[in-house]
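Me: Please take a close look at one part of this model, the inside of the fold, and then work outwards from there. I am in my first year, and I would like each term explained when it comes up.

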Amino acid sequence: ITEEEFRAEYYLKRPVVIRQVVSGDWAKVFSREALQREPERNMHVIAMQMIGDSIKSRCEGVRPVNLTLGTFLHQMTVPPALAPTGKNAMTQAPWQVFDHTALSTEPGRSLDRMVRKALPEWMYTQSMRAALSVGGQDAGTQFHKHSDGFSLLFSGHKRWWMTPHESMPV
């Protein structure tokens, strides 16, 4: 797809899935194994649990957990020694990383630069705000709205539910 086609058919009009937009060996560079073993990318991230329509770490006294990306990627969860305990601790909800700050500090900036370099320039502009999102099976977020944006999936599967911008699912 060209920039002209994208802007004419999709931009702020309807969702589109563009497959294999990144060329080269990006799958190796951003594989779980590569992100675990390369210390320059082993950034600190915030992990949290999502329950229904709320982030559990923001309610009932449960706090987010600060750990390295490599530690989280080891089993796609927070190690038991780091997980909150007590009456409000969740044991069943999956942990996820959804961190807006991880890519704004080193080594996150180097990871962000690598992504930007791999994508067509028109697709990833300087004004876009990057966030790192990593989760294991059944991790995810609540229904929400936002303006234009894109997600780059390096590994695994992601399920999307999309509705017209003016409506939200019940």
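Reply: Two residues are in contact when heavy atoms of theirs lie within 4.5 Å. Among contacts in the protein chain between residues at least 6 apart in sequence, 67% join residues at least 24 apart. The model is predicted: local features need pLDDT of at least 70, side-chain atom pairs count only at pLDDT 80 or more, and totals for chains, interfaces and linings use all residues. Residues are numbered from 1 along each chain as its sequence is written, and side-chain values use heavy atoms, with hydrogens and water left out.

The elements come next. Helices (H or I, at least four residues) and strands (E, at least two) are DSSP runs, numbered from the N terminus. The protein chain has 5 helices and 5 strands, in the order α-α-α-β-β-β-α-β-α-β from the N terminus on.

To speak of an inside, we need a scale. A residue is buried under 20% relative accessible area, exposed over 50%, and partly exposed in between, with a 1.4 Å probe and protein chains only. By that scale, 29% of the 170 residues of the protein chain are buried.

Now the core itself. A nonpolar core is a set of buried Ala, Val, Leu, Ile, Met, Phe, Trp, Tyr and Cys residues joined through side-chain atoms within 4.5 Å. The largest one holds 24 residues, and M43, V45, F72, L132 and V134 touch the most other members. At least two residues of this core come from each of strand 1 (44–51), strand 3 (65–68), helix 4 (69–75), strand 4, helix 5 and strand 5. Helix 4 gives the most, with 3 residues.

V45 shows how such a residue is surrounded. Leaving aside neighbours within four places in sequence, V45 is in contact with nine residues listed here in full: V65, N66, L67, T68, L69, V97, D99, A102 and L132.

L132 and V134 also turn up when strand 5 (residues 132–135) is viewed by its faces: these two make the covered face, while S133 and G135 make the uncovered one. Strand 5 pairs with strand 4 in the antiparallel sense over 4 bridges; two strands count as paired if DSSP finds at least two bridges between them. F98 has S133 of strand 5 as its bridge partner.

Q96 lies in strand 4 (residues 95–99). Q96 is buried, with a relative accessible area of 7%. Not counting residues up to four places away in sequence, Q96 touches I46, A47, M48, M50, F72, V134, G135, A139, G140 and T141. F72 and V134 in that list are also among the core residues that touch the most other members.

Helix 5 (residues 108–118) has G108, S110, L111, D112, V115 and R116 as its buried residues, and these pack against helix 3 (32–37).

Two residues have an odd backbone angle. Most residues other than glycine have a negative phi. M76, in the loop between helix 4 and strand 4, has a positive phi of about 60° although it is not a glycine. M76 is buried, at 17% relative accessible area. D138 has a positive phi of about 70° and is not a glycine either. D138 lies in the segment after strand 5 and is exposed, at 67%.

Moving outwards, F143 lies in the segment after strand 5 too and is partly exposed at 43%. Together with W161 and M168, F143 forms a nonpolar patch on the surface, with about 350 Å² of accessible area. Such a patch is made of residues with over 30% relative accessible area and no salt bridge; nonpolar side chains (Val, Leu, Ile, Met, Phe, Trp, Tyr) are joined within 5 Å, and like charges within 9 Å. Accessible areas come from the Shrake-Rupley method with a 1.4 Å probe, and for residues only the protein chains shown count as cover.

A salt bridge is a side-chain nitrogen of Lys or Arg within 4 Å of a carboxyl oxygen of Asp or Glu. The structure holds 2 of them. One joins E3 and R7, with the closest N and O atoms 3.1 Å apart. E3 and R7 are 4 residues apart in helix 1 (residues 3–9), which means about one helical turn separates them. E3 is partly exposed at 26%, and R7 is partly exposed at 36%. The other joins E9 and R14, at 3.6 Å from N to O.
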